[in-house]
Amino acid sequence: MNTPAMRRSRQALPAADCEAILSAGTSGVLALSDSEGFPYSVPLSYLYQNGKIWFHCARSGYKLDLLRANPRASFCVIGQDKIVPAEYTTYYRSVIARGTIREITDEAQKIDLIRRLTRKYAPDEPNEAMEAEIRQYRDALCILELEVTQLTGKQNKRLVPAP
Ligand SMILES: Cc1cc2nc3c(=O)[nH]c(=O)nc-3n(C[C@H](O)[C@H](O)[C@H](O)COP(=O)(O)OP(=O)(O)OC[C@H]3O[C@@H](n4cnc5c(N)ncnc54)[C@H](O)[C@@H]3O)c2cc1C
């Protein structure tokens, strides 16, 4: 993977802040490439833990076709987009994670990840209802794992703490 260093390096976020954005976020945009190198960017919900990002999706579709042919991916999450009209800017924070995606084939691991994803988005729903939902949909679902090999974050210069 060959990406340049950030031009405005003062605005780069430390790794812990990048991880905090990934942990707090509820959606991001996954970018894949087709066989001609043309990008396909698709919004997805996700779960981030310990350098890995998991997605759930149907067992067929364009993104699956693309990543089966080329598993290299980039995933962008916007942590903050606070428009400041008087300054003609946005006080943003965002991260870009890059790496390789694989499908989870181990059934026990798949169910565990479905549970963790479900708990992220429905933390207060009763366990029995959640398990019933999982039983109903698990066979129709595919779980994807992005192993993050590069993580960068950037914020607007106004958010950079004074030295
Ligand atoms: C905030 C958010 C969270 C989402 N979370 C999930 C999730 O966790 N899991 C999941 O499977 N899906 C999620 N979706 C839907 C997702 O964006 C895709 O629509 C879906 O995954 C199907 O993708 P696909 O590549 O298989 O599309 P296909 O059904 O194969 O269709 C491909 C075609 O549809 C177009 N297309 C597909 N999706 C979109 C879109 N979102 N907007 C505009 N055009 C589109 C493509 O450009 C292409 O032409 C989410 C969408 C949003 C906005």
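## Strand E1 and its partners

Ala-31 of strand E1 stands opposite Ser-74 in E5. This pairing belongs to a predicted model. Strand E5 covers residues 72-84, and its pairing with E1 is antiparallel, over three bridges.

E1 also pairs with E2, again in the antiparallel sense, here over six bridges. Within that pairing, Gly-28 is found opposite Leu-44 of E2. The two strands form a hairpin with five residues between them. In the turn, Gly-37 has a positive phi of about 85°.

## The two faces of E1

In a regular strand, side chains alternate between the two faces of the sheet. Strand E1 runs over residues 28-33 and has one covered and one uncovered face. Gly-28, Leu-30 and Leu-32 make up the covered face. Val-29, Ala-31 and Ser-33 make up the uncovered one. Ala-31, the residue opposite Ser-74, is thus listed on the uncovered face, whereas Gly-28, opposite Leu-44, is on the covered face.

## Surroundings of the ligand

The residues around the ligand are Ser-27, Val-42, Pro-43, Leu-44, Ser-45, Phe-55, His-56, Cys-57, Ala-58, Gly-61, Tyr-62 and Lys-63. Two or more residues each come from strand E2 (39-44), strand E4 (52-58) and helix H2 (62-69). E4 gives the most, with four residues.

By class, the shell holds seven nonpolar residues, four polar and one charged. Leu-44 links this site to the hairpin: the residue is part of the shell and stands opposite Gly-28 in the pairing of E1 with E2.

## Arg-119 in helix H3

Helix H3 spans residues 107-121 and includes Arg-119. Arg-119 counts as partly exposed because 14 C-beta neighbours lie inside 10 Å; a buried residue would need 20 or more, and an exposed one 12 or fewer.

Ala-20 and Arg-119 are separated by 99 residues in sequence. Their C-alpha atoms are 18 Å apart in space.

## The protein as a whole

The protein has four helices and seven strands. Read from the N terminus, the order of elements is α-β-β-β-β-α-β-β-α-α-β. Along the principal axes, the C-alpha atoms fill a box of roughly 50 × 45 × 25 Å.

Of the 163 residues in the protein, 23% are buried. Among contacts between residues at least 6 apart in sequence, 70% join residues at least 24 apart.

Conventions: Residues are numbered from 1 along each chain as its sequence is written. This is a predicted model: local features need pLDDT of at least 70, side-chain atom pairs count only at pLDDT 80 or more; totals for chains, interfaces and linings use all residues. A residue is near a molecule or strand if its C-beta atom, placed from the backbone, lies within 6 Å of it. Ala, Val, Leu, Ile, Met, Phe, Trp, Tyr, Cys and Pro count as nonpolar, Asp, Glu, Lys and Arg as charged, and the others, Gly among them, as polar. Two strands pair if DSSP finds at least two bridges between them. Two residues are in contact if their C-beta atoms, placed from the backbone, lie within 7 Å.
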